[in-house]
Amino acid sequence: MKTLQDYIDKLNALNFKDMYEGDFFLTWEKTDDEIEAVFTVADALRYLREHNISTKVFESGLGISLFRDNSTRTRFSFASACNLLGLEVQDLDEGKSQIAHGETVRETTNMISFMADVIGIRDDMYIGKGNKYMHAVVDAVTQGNKDGVLEQKPTLVNLQCDIDHPTQAMADMLHIIHEFGGVENLKGKKIAMTWAYSPSYGKPLSVPQGVIGLMTRFGMDVVLAHPEGYDIFPEVEEVAAANAAKSGGSYKKVATMEEAFKDADIVYPKSWAPFAAMEKRTDLYAQGDQAGIDALEKELLAQNAQHKDWSCTEEMMSLTKDGKALYLHCLPADISGVSCKEGEVDGSVFDRYRTPLYKEASFKPYIIAAMIFLAKFADPAALLKQLEEKGTPRVMK
Amino acid sequence: MKTLQDYIDKLNALNFKDMYEGDFFLTWEKTDDEIEAVFTVADALRYLREHNISTKVFESGLGISLFRDNSTRTRFSFASACNLLGLEVQDLDEGKSQIAHGETVRETTNMISFMADVIGIRDDMYIGKGNKYMHAVVDAVTQGNKDGVLEQKPTLVNLQCDIDHPTQAMADMLHIIHEFGGVENLKGKKIAMTWAYSPSYGKPLSVPQGVIGLMTRFGMDVVLAHPEGYDIFPEVEEVAAANAAKSGGSYKKVATMEEAFKDADIVYPKSWAPFAAMEKRTDLYAQGDQAGIDALEKELLAQNAQHKDWSCTEEMMSLTKDGKALYLHCLPADISGVSCKEGEVDGSVFDRYRTPLYKEASFKPYIIAAMIFLAKFADPAALLKQLEEKGTPRVMK
Amino acid sequence: MKTLQDYIDKLNALNFKDMYEGDFFLTWEKTDDEIEAVFTVADALRYLREHNISTKVFESGLGISLFRDNSTRTRFSFASACNLLGLEVQDLDEGKSQIAHGETVRETTNMISFMADVIGIRDDMYIGKGNKYMHAVVDAVTQGNKDGVLEQKPTLVNLQCDIDHPTQAMADMLHIIHEFGGVENLKGKKIAMTWAYSPSYGKPLSVPQGVIGLMTRFGMDVVLAHPEGYDIFPEVEEVAAANAAKSGGSYKKVATMEEAFKDADIVYPKSWAPFAAMEKRTDLYAQGDQAGIDALEKELLAQNAQHKDWSCTEEMMSLTKDGKALYLHCLPADISGVSCKEGEVDGSVFDRYRTPLYKEASFKPYIIAAMIFLAKFADPAALLKQLEEKGTPRVMK
């Protein structure tokens, strides 16, 4: 793409009108056109910023963030996206707030949303809870808007739930599209989403689920591999299979990392916790059973340790297509000999892919901004044109 | 009101010139015209926002917030108000800051105010301290400005002190005005501010005090009711009595919730702690006497539990005018069977009034913004006109 | 100076082209012209703000702050500077972030910098670490920008490291320049940087080091004095000596506060910890030796207590030039009889200099803003002119 008009033309060929005043929960709830619209707007916003054209479409308004797990990159990606569009981030810190005082979600959500245009939530710790919580939030603001309490309905951006991590998977995918020179070049490409050994505990399932739930839509051969006992949500596997069938690609599960890596064009080796264990942990937390949680952690670490051979070593990489598969990771990775003794990936492999890995991450702020843009504006293509014509510099010269 | 000009005409008929470069501590330190100016500017700012007209009157500048108690709604209301006017919120977190290192209020206040246009403070925990602290802050910035240290004097907005909660009481009042179709319809209406049972401890007195200190100014019959031993500041009762005499309404105290609710047009049942106990607690905190604080908490909870019959039940509501009094609460309420076993209000009553309660809360950001607007601009009416004529969209279309 | 053009003319006579796209680590890494450019731009930005002209040169962009030590004034100075230029501050709180999860500096720095124009860091606790960390951050973003990961290279502002505290020393210096009516009036003036007794522990060395490293550049007679055992970095003393030789001033060390204060035009009495003890503490922290840290603290406090006569008393002040030396402090000071029993300065001395002390502090936001301005814009003089001509009011009227 060379000019903004190219992005605009592409948008004009897509049907994404249902995104207006909507929300973003799971990628597989969106049509192919809608997914492509997100990629296109993300690229267009990047194009404008790279050409020093302001994309500040809000003169005022808040972007509320709620993180129920530690976060650096997603927190900054959300802050960057909001700032890029003109919204000021206000963190809802449940420690400081009165949610702890027994308020219901409905009430708190309305109370903080009087001038909010966006709510971004990360809630990935507990199986069966995060996505539900996000729906409760959206139901609350939708009702609040209908009842005349809220002048606008803030749009929700899922910054990671128990089921999907859409901003991550879409940033990963947009990176793939750029690396392969366009979505049209992906048919028949093999991508391996595999478990990898980590000495740490309880990593969320939403990354592998998000990846297979999205990557199966582009005609690629998607392979999932993990040791026995590390199953992911079966419902998401069904989504992946259905996607693959529809897109003309394939989805299958294999039993070893070697088989997954064999001739792969893209590999995504990454640790996660077993679904069943995460369900158990959710119950233990609900019961406040700290002894049980500690015992489970010990057990899971021991289980992980049986699979140290699941590591993205140089040897493993040599099995891939020409030994040169594109290596992906959501970061931070557990790097053998760097951040831990034995981990997900060899230091030399990681080093070789550092720049592409960082570029992969650089798409996330634009993906988030695009989700907001498509939810808040009736005619995003016209608005992009308007921004270009206005031509306010992002930074004065 | 139909057009912005109506608000402007109303403003032009009021005398509020002393608000310019002033501060907002207590509602009863303001004239009737000044109180009406706040309501009018709040409505005008809301009108502009609802018509998608930016009210960003600051290109840069900080709004400093200092919360000495947990807060969600007031924190977000302040952030929303600042953002609406173009100010960026910067929290002064005493945990993180060097106030803990023995700095004096005067020094810290100047150090953080070099580019501050507003300071919002919530300090309601200790009797005889919060309001005094706010005055110390204002004295410091006034002197700093006079001495050429500060280029501007930030305006103080009292976000709740030990005496008054002006942004809450004024949001409540503006809600009443809207519900009753204008301040001119309030003469002779009965409003009951009553204590209600809560299983929690030490709720501030500033809400009932703020309510009787303000609501007595509009010709209404204001009734205060609480169990024996739950007295509020006597000075505020004197203010209420004087207000009522002047406004042609009335102020009286009754001994039961039933009597207060009888034929009331508006009810505000809400828990608070006894004044004497709060004074005692303030001393115990000053002495660092944790055992004493714990004993006092126990004692107060036991005292509360003797008055579980002070609850806004369906039966109690049926005593009000046509059984349909407007139910108010500053939120969050202790809802029987929802957030606690027995509390301030029945779940079914709360449910029926949820939308009006949320609307009541929605006025707070505008009340805060109006207080800032009136303190920072010499001619607010002309500025509102200018904003309308400029017509910068809040959100691009 | 009377008009903006005066500042612009001054800038046009200076050579500071190497500051563009650079960073600010240590004052002695900058040429005299570059130092003067910072002062000039700081004054020019202040001039514009005082004339209600917006200096918002960024329409969007983040200013990232990372504080590894408590801070009020520097935190607010950085926030004020960013806000003045149009950047939104986003704190990197290592407690909340995944740095704790073993991420490398390189990775985290890139991950948070996709839309960052500035990074401000305070890292002064550990000898040999803070400045190194800042260089690692700059190396990371420089490489990230070169590799196409970052569209812009954020500029680093050293908000205090183990070696220098450039924003403090330059704010102090600009205050001196204003008090003495111009840098041309400083030749031959005597300034005493002396240790002073404090009942607290482990105050950083970067203030005295920053002061002697900078103040020796203006032809002044700079005297350092401290009790035996309170040496500062020898490398910085070498810098000071070389500066003095070059500027036509002098640098010497004397053994008593009295000798240092004798006929001084300016005094800066301030506590700090011995260099050797700070090195030891750094090692103890690295080893996680809490018992050792506690023992060291006890030892240092006892050592401090032997030097209670090093205090800026009225008697000591009477030794200075006409008894009227300009008293400086970075604040907060340990004030005898106010914030502690015996401390760095008498209450009466501090009181007399309060307004100048607050003014001294008021330069810091402008110094920081000037450092950013000079690093981000190729032609700062032209940009200042453009801002004046545009004439957007900071606050509408």
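**Exercise 1. Find which residue is the bridge partner of Ala225(B) in strand 7 of chain B, then place that strand in its sheet.**

Start with the pair itself: Ala225(B) has Val254(B) as its bridge partner in strand 7 of chain B. Strands here are DSSP runs (E, at least two residues) and helices are DSSP runs too (H or I, at least four residues), numbered from the N terminus.

Before going on, a word on the model. It is predicted, so local features need pLDDT of at least 70 and side-chain atom pairs count only at pLDDT 80 or more, while totals for chains, interfaces and linings use all residues. Residues are numbered from 1 along each chain as its sequence is written, chains are lettered from A and ligands numbered from 1 in the order in which they are written, and side-chain values use heavy atoms, leaving out hydrogens and water.

Next, widen the view: strand 6 (residues 221–225) and strand 7 of chain B run parallel and are joined by 5 bridges. Two strands pair if DSSP finds at least two bridges between them.

Finally, look at the whole sheet. In chain B, 5 strands make an open, parallel sheet in the order 7-6-5-8-9. Its edge strands, each pairing on one side only, are strand 7 (250–254) and strand 9 (326–327) of chain B.

**Exercise 2. Describe the interface of chain B and chain C.**

Count the residues: chain B gives 40 and chain C gives 39 to the contact (heavy atoms within 4.5 Å).

Now take the area. The two chains bury about 3600 Å² between them, with 53% of it on carbon and sulfur atoms; buried area is the accessible area (1.4 Å probe) lost by two parts on being put together, summed over both. Glu59(B), Met115(B) and Glu151(B) supply 20% of what chain B buries against chain C, more than any other three residues.

Then check the charges. There are 4 salt bridges between chain B and chain C, a salt bridge being a side-chain nitrogen of Lys or Arg within 4 Å of a carboxyl oxygen of Asp or Glu. Glu151(B) forms one with Arg46(C), their closest N and O atoms being 3.2 Å apart.

Last, see which elements take part. Strand 1 (62–67), strand 2 (88–91), helix 4 (105–112) and helix 16 (380–390) of chain B each give two or more residues to the side that touches chain C. Helix 4 of chain B gives the most, with 6 residues.
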